[in-house]
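I opened this model to take notes on its fold and on a few single residues. My entries follow in the order I looked things up.

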Amino acid sequence: MGAIWRKEWIRPYESAWSVFEKFSYANIINKSLILRTFGTEDVLSIKNNHLGNHVRDLLTLNGLDELKVTKQFQVNVHSLTRGVIQNLLHPLGNTARKEEWFSLHIRWCPKCILNGYHSLMHQFTLFEICPFHNEPLKDECPACRQKTPYILSDTYMSSAFTCKCGYQYADLSTRWLKWEVDTSKFINTDIAKWIAPEHLKTSNERFIYVPENLNFNMLNQVTEKGKGNPFIESSFFTYKIDPSGDALKDKVLESLYEEIFMDNRQIFKTIDKHIKKTYRLHLDCIKRLQLLLKEEQDDFPPICPIAYAYVFWKQSSLSLPNFYGPLQGVPNRGKEKRQFNVVCLLYKERLSHLFRAANKTLSYFGSVDGDALRWIINKTTAYQLYQMFINWLDFALLNSKELSKPKGNEYEKIIHSNMFFLFVLKRENERILLRFICTRINKNRKINISTIDCRRWKNKGKSMRSFSPLAVSMMIDQKHKELQVYVDQYVTKLNL
Ligand SMILES: [Zn+2]
Ligand SMILES: [Zn+2]
Ligand SMILES: [Zn+2]
């Protein structure tokens with residue numbers, strides 16, 4: 001095939017996506033034809049025109065024949081891609097999977113893309129800015145707000161570098177004159193260090209983490225040893241290496257699951273107690289909301305933000321059906337299951353991921369210690385639960401007066417935002433040193449909270465009684481029907 005191509009058009013760290021866009025532009029052919037031309041035997045044997053996304057995937061390049069591509073492009077795009085991926089994942093250790101770290105849709109730098117350049121580094125979700133311009137990355141078309149999947153397809157693009165809606169990502173007025181200008185020079189030093197060759201030398205540190213809870217800035221503080229950084233807090237755990245303890249036996253694992261569940265329950269109680277102690281001046285406010293107390297003639301009183309935060313923190317973390325009702329103990333069910341289980345189900349999946357990652361990383365160091373695994377899960381649980389309360393509090397300060405509950409993705413944000421943590425594992429002679437590092441909870445919000453004055457309710461509380469749906473349904477006064485509607489509406493407005 002006498003195609004128009006120069007190997008100089010491929011620049012360092014370039015993604016397969018922009019390589020094929022360039023080829024598509026220079027030769028005025030669409031992506032389906034590229035796939036038909038460079039496809040593997042398997043792809044070519046598919047008669048149907050509807051090739052699935054797995055053969056179009058630009059991260060694995062599964063559907064493209066390495067030899068054919070290399071021959072045409074004079075650069076091995078497959079190995080270039082594999083190399084950059086490996087390079088980017090390396091600091092994350094041997095548990096990192098590329099599916100977790102590369103965006104499924106295209107993210108680009110507005111400055112790079114003008115020159116027809118897109119990098120795999122833009123796809124790496126830990127980076128939020130372009131390493132070459134420090135420019136925030138974009139992920140939706142500025143004109144039509146569509147996201148484009150990271151695949152070789154014509155469905156979302158009308159032609160090369162052009163969105164279906166007609167918006168042009170690259171400056172095509174200069175044709176391909178700018179494609180050889182190498183602008184891939186790092187100006188972000190943290191990113192440069194992340195992928196620097198020195199980093200590739202085996203370090204004796206390993207990270208244990210949940211991908212969603214990692215943040216690039218925090219990771220850099222870790223590698224910089226967090227010198228006097230107000231952003232992070234850390235704590236330690238060490239144990240002696242047991243040469244015979246490379247993996248936990250099934251029996252040991254089962255009882256460890258049970259211990260973790262019991263620890264988890266205890267941690268919930270401790271945090272619960274801690275919150276109530278910290279905000280003891282608002283215990284009446286909490287009681288008022290929890291038991292739906294009000295004066296006979298009045299409406300429900302305004303909700304104190306702290307009561308709001310506490311009551312909904314509890315409802316969400318224990319997955320309770322209602323926010324109101326008499327105080328109950330923390331559930332005990334679940335420990336008998338002989339598998340990983342926790343009290344707060346919101347975090348079960350992430351904690352279970354963390355447990356597996358920790359188990360794998362500790363065994364990589366040759367000695368899995370049950371107490372270390374317990375410590376990892378316990379530290380994380382305490383951090384998540386308390387941070388979630390803080391998130392509820394932030395939400396309550398803005399919303400408790402509105403009598404509303406989180407809408408859309410607000411709930412998701414309360415559960416997961418502002419939670420960045422990881423464990424750093426290091427071998428020192430015959431010991432393993434574990435360090436827990438997390439973002440520090442912003443203490444400034446206390447200023448805000450101290451201005452909340454609930455004392456004006458203090459005396460009124462005496463004559464209040466419970467108007468929970470159940471209590472109201474048992475009343476036999478005349479106004480009962482009306483009241484029932486009022487209470488039901490009130491509760492529905494708030495219940496998660
Ligand atoms: Zn850029
Ligand atoms: Zn568009
Ligand atoms: Zn209060």
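**Hairpin and its partner strand**

I started at a strand pair: L425 stands opposite L434 in β7. The model is predicted, so I read every value here as computed from that prediction. I then looked up the two strands. β6 covers residues 421-428 and β7 covers residues 431-439. They pair in the antiparallel sense, over eight bridges. I noted a second facing pair, with F423 opposite F436 in β7.

Next I checked how the strands connect. β6 and β7 form a hairpin, and two residues lie between them. N429 sits in the turn and has a positive phi of about 50 degrees.

I asked which other strand joins β6. Strand β3, residues 205-208, is bridged to β6. Four bridges hold this pair, and the two run antiparallel. For one contact point I took E205, whose bridge partner in β6 is K426.

**Whole chain**

I stepped back to the overall picture. The chain has 21 helices and eight strands. Its C-alpha atoms fill a box of roughly 90 × 60 × 45 Å along the principal axes. The chain has 496 residues, and buried ones make up 32% of them.

I also looked at how far apart in sequence the contacts reach. Of the contacts with a separation of 6 or more, 70% are between residues 24 or more positions apart.

Then I looked up the domains. Domain 1 is given as 7-192 and domain 2 as 250-494. Their centres, taken over C-alpha atoms, are 43 Å apart.

**Helix pair α16 and α17**

I picked one helix pair to examine. α16 spans residues 348-364 and α17 spans residues 370-399. Their axes come within 10 Å and cross at roughly 145 degrees. The crossing of α16 past α17 is right-handed.

Which residues meet there? From α16 I listed L351, L354, F355, A358, N359 and L362. From α17 I listed A372, L373, I376, I377, T380 and T381. By class, this contact has nine nonpolar residues, three polar ones and no charged ones.

**Positive phi outside glycine**

I wrote down the background rule before going on. Most residues other than glycine have a negative phi.

Q74 departs from that pattern: phi is positive, about 60 degrees, and the residue is not a glycine. I placed Q74 in the loop between α5 (66-73) and α6 (77-89). Is Q74 buried or exposed? Q74 is exposed, because 12 other C-beta atoms lie within 10 Å, and 12 or fewer counts as exposed.

N134 was my next entry. Its phi is near 55 degrees, again a positive value in a residue other than glycine. N134 lies in the loop between α9 (120-123) and β1 (157-159). N134 counts as partly exposed, because it has 13 C-beta neighbours inside 10 Å.

**Two serines in loops**

I looked up S119 first. S119 is in the loop between α8 (110-114) and α9. Is S119 buried or exposed? S119 counts as buried because 25 C-beta neighbours lie inside 10 Å, and the cut-off for buried is 20 or more. Leaving out residues up to four places away in sequence, S119 touches Y13, E14, S15 and C112. I also took one distance: the C-alpha atoms of S119 and V84 are 9.4 Å apart, with their positions 35 residues apart along the chain.

S184 came next. S184 is in the loop between β2 (162-163) and α10 (189-195). With 15 C-beta neighbours inside 10 Å, S184 counts as partly exposed. Beyond its neighbours within four places in sequence, S184 is in contact with R11, P12, Y13 and F132. I noted that Y13 is on the list for S119 and on the list for S184. The C-alpha atoms of S184 and E14 are separated by 9.0 Å, at 170 residues apart along the chain.

**Last stop: P302**

I closed with P302. P302 is found in the loop between β5 (293-294) and α15 (305-317). P302 is exposed, because it has 12 other C-beta atoms within 10 Å. The C-alpha atoms of P302 and L289 are separated by 9.4 Å. These two residues are 13 apart along the chain.

How values were computed. Residues are numbered from 1 along each chain as its sequence is written. Chains are lettered from A and ligands numbered from 1 in the order in which they are written. This is a predicted model: local features need pLDDT of at least 70, side-chain atom pairs count only at pLDDT 80 or more; totals for chains, interfaces and linings use all residues. Domain bounds come from an automatic or database domain assignment. Axes are lines fitted to C-alpha atoms, for helices over the stretch in contact, and angles run from 0 to 180 degrees between N-to-C directions. A crossing is left-handed if the near helix is turned anticlockwise from the far one by less than a right angle, and right-handed if clockwise. Two residues are in contact if their C-beta atoms, placed from the backbone, lie within 7 Å. Ala, Val, Leu, Ile, Met, Phe, Trp, Tyr, Cys and Pro count as nonpolar, Asp, Glu, Lys and Arg as charged, and the others, Gly among them, as polar. Two strands pair if DSSP finds at least two bridges between them.
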